[in-house]
Amino acid sequence: MIEVVLNDRLGKKVRVKCNDDDTIGDLKKLVAAQTGTRSDKIRIQKWYTIYKDHITLKDYEIHDGMGLELYYN
């Protein structure tokens with residue numbers, strides 16, 4: 001079980017607990033449940049790399065306590 005911190009740069013930080021074999025799409029669904037935003041309107045990225053929904057957190061080397069950027073489309 002890992003914890004990922006997502007910052008939307010508008011003053012909201014979301015902490016999500018998930019498994020490292022979950023996909024980015026699964027992470028978006030967990031964030032959507034906490035924020036009340038639809039999961040298809042969420043974009044997760046780090047610097048200029050936009051993460052794709054079908055790739056796992058392990059493949060992107062996302063570890064426990066890592067911070068990601070959260071954007072709303």
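**Exercise 1. Establish how β1 and β2 pair and describe the hairpin they form.**

Solution. Strands β1 and β2 are joined by six bridges and pair in the antiparallel sense; two strands count as paired if DSSP finds at least two bridges between them. Strands are DSSP runs of E with at least two residues, helices are runs of H or I with at least four residues, and both are numbered from the N terminus. Within this pair, Ile-2 stands opposite Cys-18 in β2. The hairpin has five residues between the strands, and Arg-9 takes a positive phi near 65° there.

The model examined is predicted: local features require pLDDT of at least 70, side-chain atom pairs count only at pLDDT 80 or more, and totals for chains, interfaces and linings use all residues. Residues are numbered from 1 along each chain as its sequence is written, and side-chain values use heavy atoms, with hydrogens and water left out.

**Exercise 2. Derive the strand order of the sheet and identify its edge strands.**

Solution. Step one concerns β5 (residues 67-72), which runs parallel to β1 (residues 2-7) and is joined to β1 by three bridges. Leu-6 has Leu-68 as its bridge partner in β5.

Step two concerns β3 (residues 42-46), which pairs with β5 over four bridges in the antiparallel sense. Here the partner of Arg-43 in β5 is Tyr-71.

Step three assembles the sheet: it is open, has five strands in the order β2-β1-β5-β3-β4, and shows mixed pairing. The edge strands, each pairing on one side only, are β2 (13-18) and β4 (49-50).

**Exercise 3. Determine which side chains of β2 are buried and which are not.**

Solution. The general rule is that side chains in a regular strand alternate between the two faces of the sheet. In β2, Val-14, Val-16 and Cys-18 point to one face and are buried. Lys-13, Arg-15 and Lys-17 point to the other face and are not buried. Buried denotes under 20% relative accessible area, exposed over 50%, and partly exposed the range in between, for a 1.4 Å probe and protein chains only.

**Exercise 4. Place helix α1 relative to the sheet and describe the surroundings of Leu-30.**

Solution. Helix α1 (residues 24-35) lies across β1, β2, β3 and β5, and runs at about 130° to β2. Such angles run from 0 to 180 degrees between N-to-C directions, with axes fitted to C-alpha atoms and, for helices, over the stretch in contact.

Leu-30 belongs to helix α1. Leu-30 is classed as partly exposed because its relative accessible area is 34%. Leaving aside residues up to four places away in sequence, Leu-30 touches Val-16, Lys-17 and Cys-18, where contact means heavy atoms within 4.5 Å. Leu-30 and Tyr-72 are separated by 42 residues in sequence and by 15 Å in space, C-alpha to C-alpha.

**Exercise 5. Locate Trp-47 and Glu-61 and assess their phi values and exposure.**

Solution. Trp-47 is in the loop between β3 and β4. Although not a glycine, Trp-47 has a positive phi of about 55°. Trp-47 counts as exposed because its relative accessibility is 65%.

Glu-61 is in the loop between β4 and β5. Its phi is near 60°, a positive value in a residue other than glycine. Glu-61 counts as exposed because its relative accessibility is 56%.

**Exercise 6. Summarise the protein chain as a whole and test it against the globule rule.**

Solution. First, the chain has one helix and five strands, following the pattern β-β-α-β-β-β along the sequence.

Second, a compact globule of 73 residues would have a radius of gyration near 11 Å, and the chain has 11 Å, so the two agree. The radius is taken over C-alpha atoms, and the rule is 2.2 Å times the number of residues to the power 0.38. Along its principal axes, the C-alpha trace spans about 25 × 25 × 20 Å.

Third, 37% of the 73 residues count as buried. Of the contacts with a separation of 6 or more, 53% come from residues 24 or more positions apart.
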